[in-house]
Structure formats: structure tokens, C-alpha cells
Amino acid sequence: MKRMGLIFRSKANKALDRAEDPRETLDYSYQKQLELLQKVRRGVADVATSRKRLELQLTQLQQQSAKYEDQGRKALSLGREDLAREALTRKSAMQTQINDLQVQYQQLQAEEEKLTLASQRLQAKVDAFRTKKETIKATYTAAQAQTRIAESFSGISEEMGDVGLAIQRAEDKTAQMQARAGAIDELLASGALDDPSGMRKDDIEAELERVAGGSDVELELARMKAELSGGSAGPAAIEQGNGGGAAQQGGQAQQDTPPPTINYHK
């Protein structure tokens with residue numbers, strides 16, 4: 001049972017950690033702080049209301065006390081000492097109530113000042129938390145975007161995993177096709193495969209064309225030398241060039257039968 005409880009708690013903790021968004025947590029904390037600040041403000045308003053009520057009662061009692069004093073003065077002026085004594089007695093009782101209310105008034109006033117100061121401090125803390133909250137949210141959002149982009153490019157992202165695999169398969173297929181094309185070109189060049197189009201030549205024909213091209217270059221070079229020397233040695237040089245070419249062709253003909261036909265172009 002202990003192991004089952006441990007496994008359940010660990011998996012629940014992992015699921016909660018995956019589902020938790022720090023930005024939402026910060027917003028919730030800020031909302032709770034605003035609610036507490038609102039309660040403090042309501043407390044300040046309630047204390048101020050009680051203080052104002054006591055202030056009104058004090059005003060009324062002070063007015064009543066002044067009225068009793070005037071009645072006592074008036075009774076003494078009329079020779080009614082008994083009425084004056086009664087008025088002063090009521091004034092004395094009223095003064096006791098006034099003193100008690102003044103003490104309560106001062107206590108409420110001090111409490112109101114404390115709550116007002118606490119409200120101002122809480123407001124400053126809430127404002128600072130809001131600024132920090134927005135900074136943390138912006139930093140977290142930027143880090144999250146950067147991480148997702150990095151995971152996408154590296155191919156370890158769950159969302160971009162299929163795309164990374166598709167790119168890898170495309171690269172593998174491209175490399176395989178390039179290797180196959182190179183192998184086919186080598187086989188065609190070596191003659192192991194026939195080219196039905198006739199465009200590709202085997203190695204023997206390519207060598208013969210190279211030799212024929214060299215002979216044409218030699219003849220053209222001899223003709224140019226003859227023209228530069230004034231034309232006197234032109235025919236001899238050309239004949240010598242033809243002779244050399246014929247001898248070379250003869251040697252080639254003995255080796256390769258039948259010899260290729262070479263067209264000389266002036």
C-alpha cells in the first residue's frame with residue numbers, strides 16, 4: 001500500500017507539473033493579492049465609518065452638555081437652585097459619556113491610520129508583484145518559444161518529430177538515388193551496360209576519337225607554320241604531316257582492325 005501510494009503521488013505530481021503553467025499561477029497569485037488588498041480597503045472604510053459615527057455622537061453629546069449648562073445658569077438666575085443642580089448632574093453624566101466616546105474616537109482614529117498605512121504598503125507590494133509578474137511571464141514566454149524552435153530544428157520536439165523523420169527519409173532517398181545514378185554512369189562507361197540510345201561511346205571509341213583529334217591538331221599546326229614561313233615549305237610540310245598521319249594510321253590499323261575512318265577538315 002505504501003508503494004502504491006508513493007507511485008500514485010509521484011505520477012500525480014508529474015502530471016500536475018506537466019499541466020502547471022507558471023503564468024497562470026502568477027496571475028492567480030496576483031488576483032488573490034488584489035482580493036486581500038480589497039479587504040484591507042474595506043476594513044479602512046469600515047473603521048472610518050465608525051469613527052465618523054462616533055464623531056457625530058460626540059457632537060450631539062457636547063451640544064446636549066452645553067444645553068444642560070445653559071439650563072443650570074438660567075435656573076440659578078431664576079432662583080431655582082434645585083433645577084440648576086439637576087441640570088448640572090445631567091451634564092456631569094453626559095460628560096462621562098463624552099469622555100468615553102473621545103477615548104474610543106482616538107482609538108478608532110489610530111486604527112484607521114494604521115490600516116491606511118498598511119493599505120498603502122500593500123498597494124506598493126502588489127504593484128511591485130505585478131511588474132515582476134509581467135516580467136517573469138514575458139521571460140517565460142520567450143524561453144518557451146526559443147525552446148520550441150530549438151527542439152523543432154534539432155528534431156526532438158514531439159510536434160516536429162514527424163517532420164524531422166520525413167526530412168531524414170528524403171535525404172536518405174536522395175543519397176541513394178545519387179549513388180545509383182553514379183553507379184549506372186560507371187557501368188555504362190565501362191561497357192558493362194548497353195546504352196540503347198547510342199549517345200554514350202565505349203572506351204575504345206573514345207580513345208580513337210582522342211587520337212584523331214590530336215592528328216587534326218598536328219595537321220592544322222603544320223599548315224599554320226607553312227603559311228607563316230611564306231608558303232614555300234607548305235606542301236612538303238603538309239605531305240610530311242600526311243605521311244606521319246598515314247604511318248600512325250598504319251600502326252593503329254595493325255593493332256585494331258578495321259581502322260576507323262578519319263575525316264580531315266581544313
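Here are some exercises on the predicted model above, each with a worked solution.

Residues are numbered from 1 along each chain as its sequence is written, and side-chain values use heavy atoms, with hydrogens and water left out. Because the model is predicted, local features need pLDDT of at least 70 and side-chain atom pairs count only at pLDDT 80 or more, while totals for chains, interfaces and linings use all residues.

**Exercise 1. Work out the secondary-structure make-up of the protein chain and how much of the chain is buried.**

Step 1: Start with the elements, which are DSSP runs numbered from the N terminus (helices are H or I with at least four residues, strands are E with at least two). The protein chain has six helices and zero strands, and its pattern along the sequence reads α-α-α-α-α-α.

Step 2: Turn to burial, where buried means under 20% relative accessible area, exposed means over 50%, and partly exposed lies in between (1.4 Å probe, protein chains only). Of the 266 residues in the protein chain, 14% count as buried.

Step 3: Look at contacts, meaning heavy atoms within 4.5 Å. Among contacts in the protein chain with a separation of 6 or more, 72% are between residues 24 or more positions apart.

**Exercise 2. Find where the confidence is lowest and where it is highest among the elements of the protein chain.**

Step 1: Take the average of pLDDT, the predictor's confidence in each residue from 0 to 100. For the protein chain this average is 77, and 71% of the residues score at least 70.

Step 2: Compare the elements. Helix α6 (residues 234-255) has the lowest mean pLDDT, 45, and α2 has the highest, 89.

Step 3: Check the stretches that stay under 50. Residues 232-239 are one of them, with three contacts beyond four places in sequence. Residues 241-266 also stay under 50, and there the model has 16 contacts beyond four places in sequence.

**Exercise 3. Compare the end-to-end reach of α1 and of α2 with the expected span.**

Step 1: Set the reference, which is 1.5 Å times one less than the number of residues in the helix.

Step 2: Apply it to helix α1 (residues 2-19). Its 18 residues reach 25 Å from first C-alpha to last, close to the expected 26 Å. This helix is hardly covered, with a count of one buried residue among its 18.

Step 3: Apply it to α2. With 56 residues, α2 reaches 82 Å, close to the 82 Å expected. After α2 comes Gly-79, whose phi is positive, near 80°.

**Exercise 4. Describe the one aromatic pair in the structure and its surroundings.**

Step 1: Recall the criteria. Rings of Phe, Tyr and Trp (its six-membered ring) pair if their centres lie within 6.5 Å, and planes under 30 degrees apart count as stacked, over 60 as edge-to-face and the rest as tilted.

Step 2: Identify the pair. The structure holds one aromatic pair: Tyr-30 and Phe-129, at 6.5 Å centre to centre with 20° between the planes, so the pair is stacked.

Step 3: Place the pair on the chain. Tyr-30 sits in helix α2 (residues 22-77) and Phe-129 in helix α3 (residues 81-154), so distant parts of the chain, 99 residues apart, are linked.

Step 4: Assign burial. Tyr-30 is buried because its relative accessible area is 15%, whereas Phe-129 is partly exposed because its value is 21%.

Step 5: Look for a charge over a ring (NZ of Lys or CZ of Arg within 6 Å of the ring centre and within 35 degrees of the ring normal). Lys-133 lies over the face of Tyr-30, at 5.1 Å from the ring centre.

**Exercise 5. Trace the surroundings of Lys-137, Arg-51 and Glu-112.**

Step 1: Take Lys-137 in helix α3. Lys-137 counts as buried because its relative accessibility is 18%. Beyond four places in sequence, Lys-137 is in contact with Arg-23, Leu-26 and Asp-27.

Step 2: Add polar contacts (N or O atoms within 3.5 Å; within protein, one able to donate a hydrogen and the other to accept it, with sequence-adjacent residues counting only if both atoms are side-chain atoms). The side chains of Lys-137 and Asp-27 make such a contact at 3.2 Å.

Step 3: Move to Arg-51 in helix α2, buried at 18%. Beyond four places in sequence, its contacts are Tyr-105, Leu-108, Gln-109 and Glu-112.

Step 4: Finish with Glu-112 in helix α3, buried at 16%. Glu-112 touches Val-47, Ala-48 and Arg-51, leaving out residues up to four places away. The C-alpha atoms of Glu-112 and Ala-48 are 6.3 Å apart, although 64 residues separate the two along the chain.
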